[in-house]
Structures are given as structure tokens and as C-alpha cells.
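Visitor: I'd love a close look at one part of this protein, and then a walk outward from there. Could you take me through it at an unhurried pace?

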Amino acid sequence: MVTARAEPGAGAIDGRVERLLGQMTLAEKIGQLTLVHVEPGELPGDLRAAVRAGKAGAVLDVVDVATVNELQRIAAHDSRLGIPLLVGRDVIHGFKTVLPIPLGQAAAWNPDLVQQGARMAALEAAASGVNWTFAPMIDIARDPRWGRIAESFGEDSHLAAVLGAAAIRGFQGDGLSRPGAIAACAKHFVGYGASEGGRDYGYVGIPEVDLRNVHMPPFRAAADAGVATFMAAFSDVNGVPASANPFLLRTVLRGEWKFPGFVVSDWDSIVDMVVHGLVANDEEAALAALSAGVDMEMVSTTYRDHLPGLLAAKRIDPRLLDNAVRNVLRVKLQLGLFERTATDPAAYPGVASAANLALARELATQSLVLLQNRNGVLPLAPQRLHSLAVIGPLADDAYEQLGTWAPDGDPALSRTPLQAIRETVGARVTVRHVRAMATTRTVTTAGFTEAVAAASGADASVLFLGEESILSGESHSRASIDLPGNQLDLVRAVKRAGKPVIVVILAGRPLTIEPILAHADAVLYAWHPGVMAGPAIADILFGVESPSGKLPVTFPRVVGQVPLYYAHRSTGKPASQASFLHIDDIAARTPQAGLKNASQYLDAGYAPLYEFGYGLSYTSFTYADIAVAPTRARVGVPISVRAVVRNVGQVAGDEVAQLYVRDLVGSVTRPVRELKGFQRIHLEPGESREVAFQLSADDLAFYGRDLTRAVEPGSFHVWIGGSSSADLRADFELTAD
Ligand code: GLC
């Protein structure tokens with residue numbers, strides 16, 4: 001059941017909603033469903049008039065507190081009913097103190113830090129008058145070509161559900177009515193991450209059973225966490241765009257989940273339905289959207305332009321309009337906006353405080369994933385270094401490290417990797433910086449000579465490569481996910497200098513980096529780590545911290561393998577090492593039936609480069625003594641699973657112990673593994689600890705062939721380990737009685 005937190009005084013609020021609604025004119029009602037975009041820096045003169053007339057209930061992208069206060073004053077004191085404005089902003093991963101992109105945050109597998117980061121962002125944004133954020137984005141993203149994978153928490157339903165709920169708790173705080181709480185928005189409902197071909201805004205064809213078992217769980221968790229608003233996706237979902245999809249917005253969201261908040265369209269997603277070819281014109285788009293359950297229209301104006309005519313023609317039930325207005329007014333009352341119209345920035349902790357930057361640094365540090373560390377080349381020991389070459393287009397770029405969707409970020413706050421390396425090693429080590437490439441897309445080698453010379457004269461080289469922030473994010477999909485430009489050639493050239501080479505990659509998606517592995521001694525994946533990228537990366541490079549990040553998304557060997565994700569179905573002919581013969585090893589005239597039939601590629605096999613949940617540390621962990629109790633039980637009886645994790649290395653480290661389950665037989669086929677729990681633990685060298693998990697019936701339930709959610713009796717495998725390839729396994733059985 002949705003346990004949406006009933007805000008204090010819900011009864012009183014509903015009474016106030018009814019009293020307001022009863023006084024509202026049609027124009028004022030439609031005004032509450034109208035979200036107006038304001039270009040930064042200019043306030044359209046007619047906006048003041050519209051607010052005064054009650055014809056605009058919300059604004060988007062106004063972040064100057066004086067302007068917000070002016071508009072709120074007009075709304076509260078000059079308009080007839082004094083209904084305050086919602087002030088929305090994309091506070092996606094920080095406001096002024098920019099945190100790692102959400103995909104990087106997910107790599108930390110730390111819900112508490114994600115919650116703290118959202119809380120910090122909410123306070124920074126609220127000080128500017130923002131009271132609504134269009135976050136968290138909890139689309140399940142299994143296609144790294146898709147630019148918005150950067151904004152997601154990755155490929156897994158459980159991880160996205162846990163982190164999305166944490167972000168909502170952070171944004172909304174201890175209650176929407178508290179100062180500093182901002183309304184969160186679960187977006188984009190639903191299935192956007194499955195856009196065909198990884199092309200943004202692409203068609204989404206997903207059977208309902210997979211919508212329910214894979215893409216909806218994070219949104220259900222958001223509703224259960226009390227998220228105040230939902231955003232309908234741009235996507236054409238199985239032929240019915242989400243902004244006019246009554247199955248999604250009424251049957252599931254309202255009927256099954258009892259969601260009490262309001263639904264906002266995405267930017268122009270209502271008028272886009274004419275372009276989709278769902279409706280013939282804007283009037284039909286307005287009818288379809290309001291009928292399906294979109295309460296508020298973002299930017300386009302079909303509600304304002306056409307609802308009066310639709311109502312006059314009795315083509316739409318006026319109760320639908322009233323209910324949409326009720327949903328919006330309820331959130332405004334829950335936010336306490338009627339009692340708190342003016343924002344006093346001095347009432348807030350201030351932006352980019354030392355504490356905020358420290359939090360950004362901690363989250364960035366935990367987001368870094370060590371992918372390769374040959375011969376323990378990392379951590380670097382400054383005391384054993386005389387000189388270090390720092391090379392590449394992303395070593396010292398205060399803007400690019402912020403990543404996509406950082407509209408309020410300030411590069412002046414950034415501490416870059418070059419700066420942090422210099423600060424860490426001080427005068428003891430000569431640090432020579434060579435950009436070598438103007439951008440990551442540079443295809444000339446003009447800068448290589450200087451880079452190679454620096455590498456030759458240094459004890460080691462650290463290359464900062466990857467993608468600029470513009471190469472990921474909305475509508476920035478890539479058909480190739482190789483390192484752009486001739487970055488690979490740069491790695492090769494620097495390696496020819498014969499010294500250790502460490503590659504740090506800043507990117508908004510998994511990249512197909514296999515070609516650099518032969519030339520890099522170590523590879524650290526940094527995503528776009530935000531303002532504190534430098535100190536976080538330096539702390540890992542020099543061993544101040546041990547890397548603990550784990551991949552929230554699968555890394556393919558080649559883009560042709562996509563979609564490639566761990567929680568896949570078996571298929572009837574699963575691939576295995578035994579079945580795989582590389583294309584170069586196939587003898588001429590091999591008979592058509594001469595190769596084993598399996599679900600794989602002749603030229604790329606079936607395995608990823610790095611699996612979901614993978615990440616190295618400076619120490620090593622072992623898993624042993626897995627135990628399940630009871631091993632046989634009636635459906636509904638909780639199953640406990642435990643194992644002992646030991647730090648068998650020489651240094652302390654954090655490990656993310658992960659629990660995976662396989663339901664061997666189902667009325668619909670089940671994934672070969674599914675993440676059902678994880679725990680982040682700290683172990684000193686030689687220390688061991690038992691990790692214990694509890695599998696409830698809800699953890700094992702899924703939508704079966706009849707599309708009802710239940711636990712089906714049968715046999716289960718369960719694993720505990722440090723990634724989705726964990727092999728420490730136990731079994732249990734569930735019986736019907
Ligand atoms: C964009 C995005 C959405 C964002 C909204 C407001 O097009 O799809 O995620 O919140 O418009 O900026």
C-alpha cells in the first residue's frame with residue numbers, strides 16, 4: 001500500500017482546498033494548472049499581470065530570490081484569492097554546491113549520503129525561493145547510448161528505488177511544511193530509459209509485465225516515500241504517450257497506488273502529442289492529457305487556450321478540472337506556501353559552505369570506481385615521487401567536471417584534479433600539466449609531443465580523459481560510446497614513454513574503454529564528480545581514501561552488445577564460455593551447425609567488460625559461510641541470508657556487500673539475478689563481519705502472467721558478494737502451504 005506520508009493537518013488542508021476551489025473562477029482554476037517558463041534574466045511583463053490575474057500558478061527557472069519574492073508578493077497580495085506560486089527548478093544533483101551526477105551518486109551505493117546531498121541541495125535552492133524540484137529522475141537506464149543515463153541511478157530497479165526514495169526524503173525533509181523543504185518530483189513516469197536505440201524521446205515498447213517488474217518499482221517506492229509530484233514522460237509508451245496515458249496515470253498511479261499529489265507534464269509534452277500523431281490538434285491534446293490525468297501543463301498552453309471551449313462544449317467533465325486543481329492546491333498548502341510567501345535567504349545556512357563542500361567531497365570520493373589497478377600502481381606515494389605528468393583535456397576544467405544538469409552550478413567553486421594534485425604533493429613533487437587536446441573530440445596529435453615529453457620526464461602520468469558534460473544529458477545520445485576524438489591514441493603515445501600510466505575518466509555514461517586497458521596500468525571511473533572532483537580524485541590517487549565505488553550500470557565491450565544488463569532473462573540457449581568461439585577462431589568452411597548455438601555475438605561474446613556492482617578497492621575482501629534460514633518455508637515466511645565478509649588485504653576499506661536472488665521458475669520467466677539488498681561496510685585489515693539480510697515476501701513478489709503481484713512457490717538461488725557476478729550461493733525453497 002502507498003504509505004504516502006499524510007502531512008500534518010491533512011483534514012484541515014482538504015477543507016481549505018474546498019473553500020478555495022469554491023471561490024475560483026474558471027480562469028483561476030486553469031491558472032493553477034499553468035506552469036510558465038521564465039527565461040533567466042528577464043521577467044516577461046505579462047507574467048506579472050498573469051500572476052495578478054491568477055492565470056499562472058507556477059513558474060519554472062526563476063532563481064533570483066528578489067524576483068521570486070516579487071512574484072510571490074503579487075500572487076499573495078494582489079491576486080484575488082492570494083494563492084502563492086510553485087517555483088520549480090531542476091535541482092538534479094546539487095544547486096550551487098554541485099554533487100556528482102546521479103549516475104555517479106549511484107556508484108556510491110550510499111542512500112544516506114544521497115539523502116544528505118538532496119537535503120543540502122534543497123536548502124541551497126530554497127534560499128533562492130525555489131520550492132519544487134524536478135527530481136529525482138528514477139528512470140531505469142540500460143542503454144549507455146542514451147544521454148540521460150547520466151541523470152539516472154542506473155540499470156537496477158532496487159538500487160534506483162532505494163536511492164530515489166532517499167533523494168525524496170532529502171528534498172522534502174521532515175515534512176513539506178517545514179522551512180527548507182521543497183516538493184520533489186518522481187520523473188519521468190514511465191519507461192523513458194527504454195527509448196528505442198538509446199535515442200532520446202524514442203518510442204518505448206515494453207510489455208506491461210516488464211513495465212511493472214522493472215520500470216515501475218522505483219516510482220512505486222517514490223509514491224510510498226511520499227513524493228509530492230510526478231512528471232509524465234515525453235515517451236510514446238506502447239503507442240500511447242505518457243502524457244495522455246490513462247493506464248499509467250489513472251489505473252496505476254491513482255487507482256493502484258492512491259497517489260495523492262499532482263502530475264505535471266514534461267516540457268511541451270502535451271502539445272508534442274500532436275507531433276506523436278496521437279491527436280490531431282492542440283485542443284484534442286488538452287482533452288487527452290487532462291482526461292488521462294495530467295494535472296499541470298509545463299510551458300505549452302493548451303489548457304489555457306482550450307479548456308474553456310472544451311468545458312463549454314461539455315466535451316470534458318468539469319470535475320476533472322476541479323480534481324486537478326485540488327491536487328495542485330493540496331501540495332501548495334502542504335508546503336505551507338500560504339503562510340510563508342517571502343523567502344529570506346538569511347534564514348538559510350548559505351550556499352557552498354565548508355560543510356556543503358565537505359559533503360560534496362565525501363559523495364564524490366565514494367562515487368569513484370576503480371576498474372583496473374595493475375601491479376598495485378595505485379595508490380601513488382608522494383614521498384616516492386619526484387615528478388608527475390598530469391595530461392589531458394579534463395585535468396583542469398572547472399566547468400566540465402560539474403556534468404550535465406547543473407544550471408545553478410558555479411565553476412568558480414570547483415576544485416579541479418590538477419589543483420588538488422598540486423595541493424596534495426606540494427613542493428615535494430614536480431607536477432607538469434599538459435592539456436594535449438583542446439577538447440575530448442580533438443583528432444589532431446599536435447599536443448602529443450609535449451605530453452609524451454612530460455611523461456618521459458615523470459615517474460608516472462595521470463591522464464584525465466572522457467566526455468565533456470555536453471556529450472550526455474537530455475537529447476545528447478551517442479551512437480558510438482567510445483572515448484571521443486583520439487584520446488586512445490594519446491594513451492598509447494604516453495604509454496610508449498615507458499612509465500606507469502593512470503587514466504581517470506570523467507563521463508556521463510559508461511564508455512567502451514576496453515582498447516585503453518592494455519595501455520593503462522590503472523583506470524579510475526569518475527563520472528562527472530561535481531565541484532569537489534579534484535580533492536576526491538586526489539584522495540583516491542594518493543591513498544588518502546581507498547576506492548569503494550561499485551558500478552550502477554553494466555559496461556559493454558562494444559556498443560553493439562547494448563542493451564546489456566545483469567538482470568537479463570536466461571533465454572533458452574544462454575551463452576557460456578564453452579559456447580563461445582571468437583569470430584577470428586572460426587575455421588574456414590565451418591559447417592552452419594558447426595558452432596554451438598547460444599545467445600551471444602561471434603565478434604564480442606556475451607560478457608560485459610565490467611559487470612553491474614563491480615569495483616576494486618586497495619584492499620581485498622572475501623565472502624564465506626553463506627547461510628539461509630529457513631531453507632524451506634511457506635510463501636510469506638521471511639528468509640534470512642547471511643555471510644561473513646573479511647578484509648584480507650593490508651589497508652582498511654569500504655565494501656558494498658550485495659545480495660542477489662534468482663527465482664528459478666515463474667509463470668513468466670525471471671531474471672537470472674536480481675539485486676534485493678546491499679550493505680556498505682567498513683573493515684580494517686584482517687577484520688571480518690557478518691552481513692545479514694532479510695528477504696520478505698514483498699522482496700520476492702513479482703507480476704506474473706496474470707499481471708497480479710505475488711510470490712510464486714518454487715526454488716530460489718541467493719548470492720552474497722561484491723558484484724553481480726558473486727558466486728557464493730545458497731538455495732531455499734518456498735512452498736504453497
Ligand atoms: C526537460 C526535462 C525534464 C525537466 C523539464 C524542466 O525537458 O525532460 O526532466 O525537468 O524539462 O526543465
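Visitor: Where is the place of tryptophan 405, in which loop?

Guide: Happy to show you, with one note before we start: this is a predicted model. Tryptophan 405 sits in the loop that runs between strand 12 (387-391) and helix 16 (417-425). Its backbone deserves your attention, since tryptophan 405 has a positive phi of about 55° although it is not a glycine. For context, most residues other than glycine have a negative phi. Tryptophan 405 counts as partly exposed because its relative accessible area is 24%, and the cut-off for buried is under 20%.

That loop residue also takes us to the ligand. Trp405 is one of the residues surrounding the ligand, together with Asp90, Phe134, Arg148, Lys187, His188, Met231, Phe234, Asp266, Trp267, Met298 and Glu474. By character, this shell divides into six nonpolar residues, one polar and five charged.

Some of these neighbours make polar contacts with oxygen atoms of the ligand. For aspartate 90, a polar side-chain atom lies 2.5 Å from a ligand oxygen. Aspartate 266 has a side-chain N or O atom 2.6 Å from an oxygen atom of the ligand. In lysine 187, the distance from a side-chain N or O atom to a ligand oxygen is 2.7 Å. As for how much of the ligand is covered, on its own it has 310 Å² of accessible area, and the protein covers 95% of that.

Staying with the backbone for a moment, lysine 258 is another residue with a positive phi, near 55°, and it too is a residue other than glycine. Lysine 258 belongs to the loop between helix 10 (246-256) and strand 9 (262-264). With a relative accessible area of 48%, lysine 258 is partly exposed.

Peptide bonds give us another thing to look at. Most peptide bonds are trans. Here, however, phenylalanine 189 and valine 190 are joined by a cis peptide bond, with omega about 0°. Valine 190 is placed in the loop between strand 5 (185-189) and helix 8 (208-215). A cis bond also links valine 562 to proline 563, this time with omega about 5°. You will find proline 563 in the loop between helix 20 and strand 17.

The loop that holds proline 563 leads us to serine 579, which is found between helix 20 (533-541) and strand 17 (621-629). Serine 579 is buried, because its relative accessible area is 9% and buried means under 20%. A polar atom of the serine 579 side chain lies 2.8 Å from the backbone oxygen of serine 576. Setting aside residues up to four places away in sequence, serine 579 touches Lys596, Ala598 and Gln600.

On the other side of helix 20 in sequence, histidine 528 lies in the loop between strand 16 (522-525) and that helix. Its relative accessible area is 1%, so histidine 528 is buried. If you trace the chain, histidine 528 and leucine 103 are 425 residues apart in sequence, yet their C-alpha atoms are 8.8 Å apart in space.

Leucine 490 offers another pair to trace. Its place is in helix 18 (residues 487-495), and its relative accessibility of 0% is why it counts as buried. Beyond its neighbours within four places in sequence, leucine 490 is in contact with Ile391, Ala436, Met437, Phe448, Ala451, Leu463 and Leu465. Leucine 490 and serine 696 are 206 residues apart in sequence and 51 Å apart from C-alpha to C-alpha.

Now let's step back to the whole protein. It has 21 helices and 26 strands. Along the principal axes, its C-alpha atoms fill a box of roughly 75 × 65 × 55 Å. The radius of gyration is 27 Å, which agrees with the value near 27 Å for a compact globule, because that is what the rule gives for 737 residues. Of those 737 residues, 60% are buried. Among contacts between residues at least 6 apart in sequence, 77% join residues at least 24 apart. On the outside, the protein exposes about 26,400 Å², and carbon and sulfur atoms supply 52% of that area.

Key: Residues are numbered from 1 along each chain as its sequence is written. This is a predicted model: local features need pLDDT of at least 70, side-chain atom pairs count only at pLDDT 80 or more; totals for chains, interfaces and linings use all residues. Side-chain values use heavy atoms; hydrogens and water are left out. A residue is near a molecule or strand if one of its heavy atoms lies within 4 Å of it. A polar contact is a pair of N or O atoms within 3.5 Å; within protein, one must be able to donate a hydrogen and the other to accept it, and residues adjacent in sequence count only if both atoms are side-chain atoms. Accessible areas come from the Shrake-Rupley method with a 1.4 Å probe; for residues, only the protein chains shown count as cover. Ala, Val, Leu, Ile, Met, Phe, Trp, Tyr, Cys and Pro count as nonpolar, Asp, Glu, Lys and Arg as charged, and the others, Gly among them, as polar. Helices (H or I, at least four residues) and strands (E, at least two) are DSSP runs, numbered from the N terminus. The radius of gyration is taken over C-alpha atoms; the globule rule is 2.2 Å times the number of residues to the power 0.38. Buried means under 20% relative accessible area, exposed over 50%, partly exposed in between (1.4 Å probe, protein chains only). Contact means heavy atoms within 4.5 Å.
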